[in-house]
Amino acid sequence: MLNKIRTHLVNNAAEILRYPVHFLPNHLQVKVLLEGLKQVFHEALEDGDFEFLEDKWLKVSVKDLNLEWFISYQDEKLVVSDKVEQEDVSFSGCLNDLVLIAGRKEDPDTLFFQRRLSIEGDTELGLEVKNLMDSVDLDALPKPMQVMMNQLADFVQKGLNPEIETGVSNAYSN
């Protein structure tokens, strides 16, 4: 019963969240995203690892929520906007896939080749962004953020693949 509820919630998460998220003013969405990015990439920001993004724009789209943000690095600071004239590279995917990437339950390369993650524009810049994401030490995050990220990613993974927790085997595995 709980597995069915979890599966239903995960499969319908974007539909459930789409309208409430859009009621949040853009400036509040941008502020929350920026603060989250500062925490996740604290070490990388201190080390100057974002210099490759200087005066360039990364577009991040959550397709099934109809959300997009633009991220850049200017004057030695991370910048998030809800509008820019032109992005240099774009990453887009569905909510569940992006949660799985953030929680390290799925590899971005795998999702890219399965056409579940789209990377368009300056491919060299996109590769640098992906490598920076891969370099984040999740254990260095504040403990509450680690726990939240892990639990959310586990919840999504098990909702998409109920056999993971129940031990039900795949028809192709013997």
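This is a short dialogue on reading a sheet and a surface patch in a predicted model.

Biologist: In what order do the five strands of the sheet lie?

Modeller: Order in a sheet is read from which strands pair, not from the sequence. Here the sheet is open and runs 3-2-1-4-5, with mixed pairing.

Biologist: Which are the edge strands?

Modeller: An edge strand pairs on one side only, and here that applies to strand 3 (77–81) and strand 5 (117–121). On average, neighbouring strands are turned by 20 degrees against each other, direction ignored.

Biologist: How many bridges join strand 2 to strand 3, and do they run parallel or antiparallel?

Modeller: Strand 2 (residues 67–74) and strand 3 are antiparallel and are joined by five bridges. To find your place in strand 2, look at Phe70, which stands opposite Ser81 of strand 3.

Biologist: What does helix 7 touch when it packs on the sheet?

Modeller: Helix 7 (residues 123–135) touches strand 1 (58–62), strand 4 (89–93) and strand 5. The direction of helix 7 makes about 55 degrees with that of strand 4.

Biologist: Now the surface. Which residues make the nonpolar patch?

Modeller: Met1, Leu2, Ile5, Leu9, Ile16, Leu17 and Phe155 make the patch, which covers about 700 Å². Helix 1 (2–11) and helix 2 (13–23) are the elements that each give two or more residues. Helix 1 has the largest share, with three residues.

Biologist: Why can Leu9 count towards a surface patch?

Modeller: A patch residue needs over 30% relative accessible area. Leu9, in helix 1, qualifies on that point because its relative accessible area is 38%, which makes Leu9 partly exposed.

Definitions and conventions: Residues numbered from 1 in each chain as written. Predicted model: local features only at pLDDT ≥ 70, side-chain atom pairs only at ≥ 80, totals over all residues. Heavy atoms only, no water. Pairing = 2+ DSSP bridges. Helix = DSSP H or I, 4+ residues; strand = E, 2+ residues; numbered from the N terminus. Axes fitted to C-alpha atoms, helices over the stretch in contact; angles between N-to-C directions. Contact = heavy atoms within 4.5 Å. Patch = residues over 30% accessible without salt bridge, like charges linked within 9 Å, V, L, I, M, F, W, Y side chains within 5 Å. Areas by Shrake-Rupley, 256 points an atom, 1.4 Å probe, with all protein chains shown as cover. Salt bridge = Lys/Arg side-chain N within 4 Å of Asp/Glu carboxyl O. Buried < 20%, exposed > 50% of the residue type's maximum accessible area, 1.4 Å probe, protein only.
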